[in-house]
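User: Please walk me through this protein model. I would like short answers on its sheets and helices.

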Amino acid sequence: MDQITFRSDTVLSDVHLLLPNACHLMKRLNSVGQPVFTSKFRILRDCDGKDSSGESPVCESTDASNVPRDEDGDLDVVRRPRYTSCNRDAVCPIILSQSTATLTDEEEDSEEEDGSRDIIKVEHTMATPLEDVGKQIWRGAFLLADFILVQASMFKGATVLELGAGTGLTSIVMAMVAKTVYCTDVGDDLLSMCQRNVTLNKQHFEPQDADLEFCWTDAEIVDLYDNTTFVIAADVCYDDNLTDALFRTLYRLASNMRHPSTTYISIEKRLNFTLRHMDVSCEAYDHFRHCLDQLQQMTDGKMNFTLEPVKSSFPQFFQYERVEQLELWKVTAERL
C-alpha cells in the first residue's frame, strides 16, 4: 500500500469528522477519481429538535433500577465472548472504479425499500482541496435546513433559488415544503452528485426531469424572475472571490425579479491563526460582513437592501454541533 500523505490544502468538514455514531459508506469514485461516501441523516421530528446548545433531546426514558450492576454498585458490563478459532466468513476485496452518477434499477429499488420520511441520504466526498469543498456537507447547511423546517409555513408554496447548493442537502429539505426549488452550482461533477442526491431522496417530493447538460430553459428563466421570492445560500463565503460573486449575483437577481425577495445566508465564522497578523483572525468572515455592509449602504437609486441577523435559538432537527460561530443572515431586497 502506498504511504498516506496529508496535503496542506486538504479540507475536512467537521460534520464528517465529529458526527457521533455515523457510518460513512464508501460507494464509488467520482469522475475525477475522488472517493464518494453515503451518509444518512435523520430528521428529529418526534423530539422537537434540539436546543441552541446542541444537546440531544431526551426522547426515551430509562429506568436506572434495571441497569445491571455488580456487588459494589458499579455498572456490570457484559463482555463479548472470546473464540479460540476464527469463524468469520472470507471477505473478498472490492475494487472501486470511476463511475457516472446514474442510479441503477437495483439501487433505485433498494432506495425505495429503505426510504423513510425522516431520513435524508446524501452522497458526498471527504477531505477535498479547497476548490472542491462544495462536495462535502457543512454545518451551515444544517443550520439553514433547521430554519427551513421551523419556518415551513413561510416557505410553503414558494419558488426558491439556492446559490452554491453543493451536495443539495438544503435544496432537498426546502423541496419538502416549497412549490419549486432551483438548485444551482458550478461544475458538472458537482451538479451530477447533487442530481443523484435528489434522486436518492425522491420519496420526500416529486423531482422534475432535469436536463443532463444542466442548462436553463427559457421557461425556467421566466419562471425564476416572475415567481421567485426566496434565495438561500449555505456556507458559500469561504473565499473572497466567491463572496464577491455571490453578492454581485444577488444584486443582479433582485434587480430583475418581479417581486421583492428575501435571501437567507448561513455562514460559519472560522477562526485561523495567520502569520501575517500573528493573531487569530476571520478574514473570510470579515470580508463577508464588509460585503453585507456595502450592500446595505448602496445608493444607486434602484434597489434598497435591509439586513437582519437571525437568532439561532430555533429548534435543531439534525444531529450536528451548532457552535456559536454559526450565523444566519436575512437580506431583504425591494425596488425603490
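User: Which residue of E13 is the bridge partner of tyrosine 264?

Analyst: This is a predicted model, where local features need pLDDT of at least 70, side-chain atom pairs count only at pLDDT 80 or more, and totals for chains, interfaces and linings use all residues. Residues are numbered from 1 along each chain as its sequence is written, and side-chain values use heavy atoms, with hydrogens and water left out. Strand E9 (residues 261-268) and strand E13 (residues 326-335) run antiparallel, joined by eight bridges. Across from tyrosine 264, the partner in E13 is lysine 330.

User: What is the strand order of the six-stranded sheet, and which strands are its edges?

Analyst: Two strands pair if DSSP finds at least two bridges between them. The sheet is open, its pairing is mixed, and its order is E7-E6-E8-E9-E13-E12. Each edge strand pairs on one side only: these are strand E7 (180-183) and strand E12 (303-310).

User: By how much are neighbouring strands of this sheet turned against each other on average?

Analyst: Axes are lines fitted to C-alpha atoms, for helices over the stretch in contact, and angles run from 0 to 180 degrees between N-to-C directions. For this average, direction is ignored. The turn between neighbouring strands is 20 degrees.

User: Why does one side of E2 and of E4 lack a neighbour in the sheet?

Analyst: The open sheet here has three strands in the order E2-E3-E4, with antiparallel pairing. Strand E2 (25-29) and strand E4 (119-124) each have a single partner strand, so one side of each is left without a neighbour. From one strand to the next, the twist averages 30 degrees. The reason, then, is position: E2 and E4 stand at the edges.

User: Which residue in the turn between E2 and E3 has a positive phi?

Analyst: E2 and strand E3 (residues 35-42) run antiparallel and share four bridges. Leucine 29 has proline 35 as its bridge partner in E3. The two strands form a hairpin with five residues between them, and the residue with a positive phi, about 85 degrees, is glycine 33.

User: Which residue in E4 stands opposite lysine 40?

Analyst: E3 and E4 are paired in the antiparallel sense, over six bridges. Opposite lysine 40 stands lysine 121.

User: At what angle to E4 does helix H6 run?

Analyst: Helices (H or I, at least four residues) and strands (E, at least two) are DSSP runs, numbered from the N terminus. Helix H6 (residues 188-200) lies across E2, E3 and E4. Its angle to E4 is about 160 degrees.

User: Is H8 roughly parallel or roughly antiparallel to H9?

Analyst: The axes of helix H8 (residues 240-256) and helix H9 (residues 283-297) come within 10 Å and cross at roughly 20 degrees. Angles under 35 degrees count as roughly parallel, over 145 as roughly antiparallel, 65 to 115 as roughly perpendicular and the rest as oblique. Therefore H8 and H9 are roughly parallel.

User: How many helices and strands does the protein have?

Analyst: Of the 336 residues, 39% are buried (under 20% relative accessible area, 1.4 Å probe, protein chains only). The secondary structure comes to nine helices and 13 strands.

Key: Buried means under 20% relative accessible area, exposed over 50%, partly exposed in between (1.4 Å probe, protein chains only). Contact means heavy atoms within 4.5 Å.
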